[in-house]
Amino acid sequence: TVSYSAPSGGPTVSGNKVTFNYSNSFASSVSVAGTMNGWSTTANTMTKSGSNFTCTMELPSGMYEYKFVVNGSTWVADPTNGNTIGNDGNSVLIVPGIIATNISVKKGTTTVKLPSELTYISASGESTKEVTYTESVDGVSISGNVLTLATGFSKTEFEITATTADNQTAIVKVFVYEPA
């Protein structure tokens, strides 16, 4: 499990669990809005205890922008997180790990070469890590980084797991589409 907290504060991240904290003695309600929930002001309501508000959610690895929405209408950057971006001063959250990818396969294709490396994001930036793949789908086999679909494979989507040498995983979605 990769744990990370921005050097200047902000949410606490442990694996894919992210805990947001906000303190405001005048607030009656606070929610977290950001790129992780389509900037919804109601999707992630924080739990109030005294003047402290908390919310824990699971997020896939990646970089997210967010703000707190106080009393349903006032948008506030995270005062404990000095990492901001853009003209709106959105707070930035990094959930370290392998970034999942989607793969499209034309129906009737029997073999597909999978990427041998996937993007890895951490507090210090992006890099790549080598991955191996496993599957648990009937009609799908993987050898090295070559995915093979059985003749007549009929599913339109399925998932495979990418794993790094240090056991970080990401779910890779495979979409099978009809040729034009």
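Which charged end sits over the ring of Tyr 120? In this predicted model, the charged end of Lys 129 takes that position, 4.3 Å from the centre of the ring. The report below proceeds from the overall form of the protein to its sheets, its aromatic pairs and a few individual residues.

**Overall form**

The secondary structure consists of 20 strands and 0 helices. The radius of gyration is 20 Å, well over the 16 Å that the globule rule gives for 180 residues, so the protein is more spread out than a compact globule. The extents of the C-alpha trace along its principal axes are about 65 × 30 × 30 Å. Of the 180 residues, 39% count as buried. Among contacts in the protein with a separation of 6 or more, 57% are made by residues 24 or more positions apart.

One pair of residues gives a sense of these dimensions. Ser 49 and Thr 161 are separated by 112 residues in sequence and, C-alpha to C-alpha, by 39 Å in space. Ser 49 belongs to strand S5, residues 47-49, and counts as exposed because its relative accessibility is 54%.

**Strand S6 and its partners**

Strands of a sheet pair through backbone hydrogen bonds, either parallel or antiparallel. Strand S6, residues 52-58, has two unlike faces: Phe 53, Cys 55 and Met 57 make up the covered face, while Asn 52, Thr 54, Thr 56 and Glu 58 make up the uncovered one. S6 runs antiparallel to S3, to which it is joined by 7 bridges. Within this pairing, Lys 17 has Glu 58 of S6 as its bridge partner. Glu 58 is thus a residue of the uncovered face of S6.

S6 is also joined to S5, again in antiparallel fashion, by 3 bridges. Here Lys 48 stands opposite Phe 53 of S6, a residue of the covered face. S5 and S6 form a hairpin with 2 residues between the strands, and in this hairpin Gly 50 adopts a positive phi near 70°.

**A sheet of three strands**

An open sheet of 3 strands is arranged in the order S13-S18-S17, and its pairing is antiparallel. Its edge strands are S13 (111-113) and S17 (140-143), each of which pairs on one side only. On average, and with direction ignored, neighbouring strands of this sheet are turned by 20° against each other. S13 and S18 (residues 146-149) run antiparallel and are joined by 3 bridges. In S18, Thr 148 is the bridge partner of Thr 111.

**Aromatic pairs**

A pair of aromatic rings is described by the distance of the centres and the angle of the planes. The protein has 5 aromatic pairs, two of which are set out here.

| Pair | Distance of centres | Angle of planes | Class |
|---|---|---|---|
| Tyr 22 and Phe 68 | 4.9 Å | 40° | tilted |
| Trp 39 and Trp 75 | 6.1 Å | 45° | tilted |

The pair of Tyr 22 and Phe 68 links distant parts of the chain, with Tyr 22 in strand S3 (residues 17-23) and Phe 68 in strand S7 (residues 62-70), 46 residues apart. Both residues are buried. They also belong to one aromatic cluster, which is formed by Phe 20, Tyr 22, Tyr 66 and Phe 68.

Trp 39 is located in the loop between strand S4 (30-34) and S5, and Trp 75 in strand S8 (residues 74-76), so this pair ties together parts that are 36 residues apart in sequence. Trp 39 counts as partly exposed because its relative accessibility is 29%. Trp 75 is likewise partly exposed, its relative accessible area being 38%.

**Thr 164 and Lys 129**

Where does Thr 164 lie? Thr 164 is placed in the loop between strand S19 (157-163) and strand S20 (169-177). Despite this loop position, Thr 164 has a relative accessible area of 4% and is therefore buried. Leaving aside residues up to four places away in sequence, Thr 164 touches Ile 98, Lys 129, Glu 130 and Val 131. Lys 129 therefore appears in two settings, as a contact of Thr 164 and as the residue whose charged end sits over the ring of Tyr 120.

Note on methods: Residues numbered from 1 in each chain as written. Predicted model: local features only at pLDDT ≥ 70, side-chain atom pairs only at ≥ 80, totals over all residues. Heavy atoms only, no water. Helix = DSSP H or I, 4+ residues; strand = E, 2+ residues; numbered from the N terminus. Buried < 20%, exposed > 50% of the residue type's maximum accessible area, 1.4 Å probe, protein only. Phe/Tyr/Trp six-rings, centres within 6.5 Å; stacked < 30°, edge-to-face > 60°. Lys NZ or Arg CZ within 6 Å of the ring centre and 35° of its normal. Pairing = 2+ DSSP bridges. Axes fitted to C-alpha atoms, helices over the stretch in contact; angles between N-to-C directions. Rg over C-alpha atoms; globule rule 2.2 N^0.38 Å. Contact = heavy atoms within 4.5 Å.
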